[in-house]
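The following exercises train the reading of a protein model. Please study the sequence and the structure, attempt each task, and then compare your reasoning with the worked solution.

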Amino acid sequence: MDKYKSKKYNYYNYRRLPTIGSGDLIDYKNINLINRFISEQGKILTRRTNNLTFKQQRWLTIAIKKARILSSLTFKN
């Protein structure tokens, strides 16, 4: 019976972050905002962890990649 039980997703393992406010601009120059959505290893956190919409996560990913290419953000921390 145990193998047929549904696996519930454990939401307590994720670090919940405050959502992006209406005044916050997702841009590669806004390093303080971008750093909130990067893990300690330098990876981009998932959309579920970030509590963002699909569009916000896409813009955030593009901004992080631009900042890394322009050397304002390191690839690894």
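**Exercise 1.** State in what order the elements of the protein chain run from the N terminus on.

*Solution.* Step 1: apply the rule that helices (H or I, at least four residues) and strands (E, at least two) are DSSP runs, numbered from the N terminus. Step 2: count the elements, which gives three helices and zero strands. Step 3: read them from the N terminus on, which gives α-α-α.

The model is predicted: local features need pLDDT of at least 70 and side-chain atom pairs count only at pLDDT 80 or more, whereas totals for chains, interfaces and linings use all residues. Residues are numbered from 1 along each chain as its sequence is written, and side-chain values use heavy atoms, with hydrogens and water left out.

**Exercise 2.** Determine which elements have the lowest and the highest mean pLDDT.

*Solution.* Step 1: recall that pLDDT is the predictor's confidence in each residue, from 0 to 100. Step 2: consider the protein chain, whose mean pLDDT is 80, with 75% of its residues reaching 70 or more. Step 3: compare the elements; H2 has the lowest mean, 88, and H3 the highest, 93. Step 4: keep a caution in mind, namely that where pLDDT is low, the predicted coordinates should not be read in detail.

**Exercise 3.** Identify the residues of the largest nonpolar core and the element that gives the most to this core.

*Solution.* Step 1: fix the terms. Buried means under 20% relative accessible area, exposed over 50%, and partly exposed in between (1.4 Å probe, protein chains only). A nonpolar core is a set of buried Ala, Val, Leu, Ile, Met, Phe, Trp, Tyr and Cys residues joined through side-chain atoms within 4.5 Å. Step 2: list the members. The largest core has 11 residues: Ile20, Leu33, Ile34, Phe37, Ile38, Leu52, Leu60, Ala63, Ile64, Ala67 and Leu73. Step 3: assign the members to elements. Helix H1 (31-35) and helix H3 (54-69) each give two or more residues to this core, and H3 gives the most, with four. Step 4: relate this to a general tendency: in soluble globular proteins, nonpolar side chains tend to be buried together.

**Exercise 4.** Arg68 is buried; find which side chain of opposite charge is nearest, and which residues Arg68 contacts beyond its neighbours within four places in sequence.

*Solution.* Step 1: locate Arg68, which is found in helix H3. Step 2: apply the charge rule, by which Lys and Arg count as positive and Asp and Glu as negative, while His and the chain ends are not counted. The nearest opposite charge is the side chain of Glu40, 14 Å away. Step 3: test for a salt bridge (a side-chain nitrogen of Lys or Arg within 4 Å of a carboxyl oxygen of Asp or Glu); Arg68 has none. Step 4: list the contacts (heavy atoms within 4.5 Å), which are Gly42, Lys43, Ile44, Leu73, Thr74 and Phe75.

**Exercise 5.** Find which side chains meet in a salt bridge.

*Solution.* Step 1: the count comes to one salt bridge. Step 2: Asp27 and Lys29 form this pair, at 3.8 Å from N to O. Step 3: Lys29 counts as exposed, at 59% relative accessibility.

**Exercise 6.** Describe where Asn51 and Ser71 lie and what their phi values are.

*Solution.* Step 1: Asn51 is placed in the loop between helix H2 (47-50) and H3, while Ser71 lies in the segment after H3. Step 2: Asn51 has a positive phi of about 65° although it is not a glycine, and Ser71, also not a glycine, has a positive phi of about 65°. Step 3: Asn51 is partly exposed at 38% relative accessibility, and Ser71 is exposed at 62%.
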